[in-house]
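Student: I am new to this structure and would like a close look at one single part of it. Could you pick a residue, walk me through its surroundings, and then show me where it sits in the bigger picture?

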Amino acid sequence: MNQLPKSEKEVNELLNKLASSTHSPQGKFTADNSFDILRKRVAPSKYRLRFYQYMSAAAAIILVLGFSWMFYNVEQPISIKTIRTLAEIKEIKLPDGTQVVLDRYSSIQFPETFGDKTRDVKLLGEAYFEVTKNPAKPFVVETHSVNIKVLGTHFNVEAYKDDPNITTTLLEGSVSVTNKEQSKRLILRPNETAIYNKNVSAFTHLKDVDVENDVAWRQGILIFNSASMEDIALSLSHKFNVKIEINNAELRKHKFTARFDNQENLYEILNLLKSTGNFNYVKANNRIRIQIK
Amino acid sequence: MEDRCIDQLLTDIIKRNSDSAFKELYYQCYDRFFRIAYYYLQKDEWAQEVVLDVFLNIWNNRAALSDVRNFSNYSFVLIKNAAINFLEKEDKRKTNSLDSIKEPLSCISSPEEEMIDDELFQYYLNAVEELPEKCREIYKLVREDKKSYMQVAELFNISPKTVDAQVQKAVSKLKEKINAFFLDSQ
């Protein structure tokens, strides 16, 4: 019924046809980028509820203050919304009209309607806020170690769970950044940055900051301004959700200045940095190891 | 997260309605599903549409999964049917290039011949999946995604020579499999 054994030439042709008949998904068709579409199609309330359960179970061991406190409010009568990103940047509008741009692999939680006294949101990861002015109802961003209270302003917060530093950069308006214990506070003016390190419970106050660098991620641009390899690795591991290790202490301190504004992927960025001749990297077991050349 | 095997994931989905198991299943299967859908549809947008639809159906009808013996075959048929339905609905059957793939394999488009083509394609799909990981990824990038040797060398941090060696290794294994396919069906 079927064909006779094939000649070498026929087999070659067949293989070429087969290889040309399909390809793997690229760009916006990848699994990562398509997952969000799928999530929206699965009955939203059902999925979200179970998502909470999954998160609370996993959170206990790995994170200290990370996610567990985020779901403390689940039992309250007002419905809480959580928006989470994977490998994409999302624009969100909050109930009071505040605009948020949420970076990759980050999540924000807020109530469907804000309370009477304050407008509270919880953030894990990185986001940029343009808060609508309401002096009677301060806007408060809670992260794992500090609360940022604002009156009506544009600012950027970076608060990843594996990073002891929480960075708040102010573009416009006025904010006060307070640690959870309420023992330390810093008031920021425009073009200033507050970096709170929870390990030493101390603020670093930077003035005359080039704020555009800190918010360039909204356009998919990554800027490193004399940044140490250690900081770069941390930033890349946040942006691409992959573990990056650097074995060499000297290498960790090595500084780079670079700008990536072509939506480069992780490997393109690593390769470009690598071409300076200082290091090599290998990919093993879902993590990247950077080593001295 | 370690790679849980498909059977374990399916059990979790059926028995515990596990979102996380479904998500893992999604990430493990998406690429393969896409490649199958693309084979029939030849368009990225349509392939994505059909694949997401199939995943949605798998989730919504997860009870039916308990009857499934072989998920690999089952999912292939799901996607194939979804793709063909999609084409029929779009009424694009006449204009799509599926026929041009068939041409060299069989000049007669009888249902039997069509099945052979699908069988061969499915066989090829599985054969590619059985290649060692690095070899497989390199082969797919070069031969299917048509990336250049330099691009792939950069990506994996190896020399173009190594890329070539891996491609040749894959090609020779796949040709072996194709021969075996035809010998088996004698």
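**A close look at Thr98(A)**

Tutor: Happy to! Let us start with Thr98(A), which is buried because 21 other C-beta atoms lie within 10 Å, and the cut-off for calling a residue buried is 20 or more. Please keep in mind that this is a predicted model.

Where does this residue sit along the chain? Thr98(A) belongs to the loop that links strand S2 (90-93) to strand S3 (99-102) of chain A. Leaving out residues up to four places away in sequence, Thr98(A) touches Phe129(A), Glu130(A), Val131(A), Thr132(A) and Phe139(A). Another residue to look for is His154(A): 56 residues separate it from Thr98(A) in sequence, while the C-alpha to C-alpha distance in space is 9.8 Å.

Now let us step back to the whole of chain A. Its secondary structure consists of 7 helices and 18 strands. Of its 293 residues, 26% are buried. Among the contacts in chain A with a separation of 6 or more, 42% join residues 24 or more positions apart.

Chain B has 9 helices and 0 strands, so to speak a run of α-α-α-α-α-α-α-α-α when read along the sequence. It has 186 residues, and 29% of them count as buried. Here, residues 24 or more positions apart make up 55% of the contacts with a separation of 6 or more.

How do the two chains meet? The contact uses 31 residues from chain A and 36 residues from chain B. On the side of chain A that touches chain B, the elements giving two or more residues are helix H1 (8-20), helix H2 (31-41), helix H3 (44-62) and helix H7 (266-274) of chain A. H1(A) gives the largest share of that side, with 7 residues. Sorted by class, the same side of chain A holds 18 nonpolar, 8 polar and 5 charged residues.

Finally, the nonpolar cores. The largest one has 49 residues, and those with the most contacts inside it are Phe33(B), Ala37(B), Val50(B), Val51(B), Val54(B) and Ile79(B). Helix H2 (residues 19-41) of chain B supplies the largest share of this core, 14 residues. Domain 1 (6-90) and domain 2 (111-184) of chain B each contribute at least three residues to this core. Apart from it lies another core, of 29 residues, including Leu123(A), Val141(A), Ile166(A) and Leu170(A). If you would like one more residue to inspect, try Val51(B): not counting residues up to four places away in sequence, it touches Tyr30(B), Phe33(B), Phe34(B) and Ala37(B).

Key: Residues are numbered from 1 along each chain as its sequence is written. Chains are lettered from A and ligands numbered from 1 in the order in which they are written. This is a predicted model: local features need pLDDT of at least 70, side-chain atom pairs count only at pLDDT 80 or more; totals for chains, interfaces and linings use all residues. Helices (H or I, at least four residues) and strands (E, at least two) are DSSP runs, numbered from the N terminus. A residue is buried if 20 or more other C-beta atoms lie within 10 Å of its own, exposed if 12 or fewer, and partly exposed in between; C-beta atoms are placed from the backbone. Two residues are in contact if their C-beta atoms, placed from the backbone, lie within 7 Å. Ala, Val, Leu, Ile, Met, Phe, Trp, Tyr, Cys and Pro count as nonpolar, Asp, Glu, Lys and Arg as charged, and the others, Gly among them, as polar. A nonpolar core is a set of buried Ala, Val, Leu, Ile, Met, Phe, Trp, Tyr and Cys residues joined through C-beta atoms within 7 Å. Domain bounds come from an automatic or database domain assignment.
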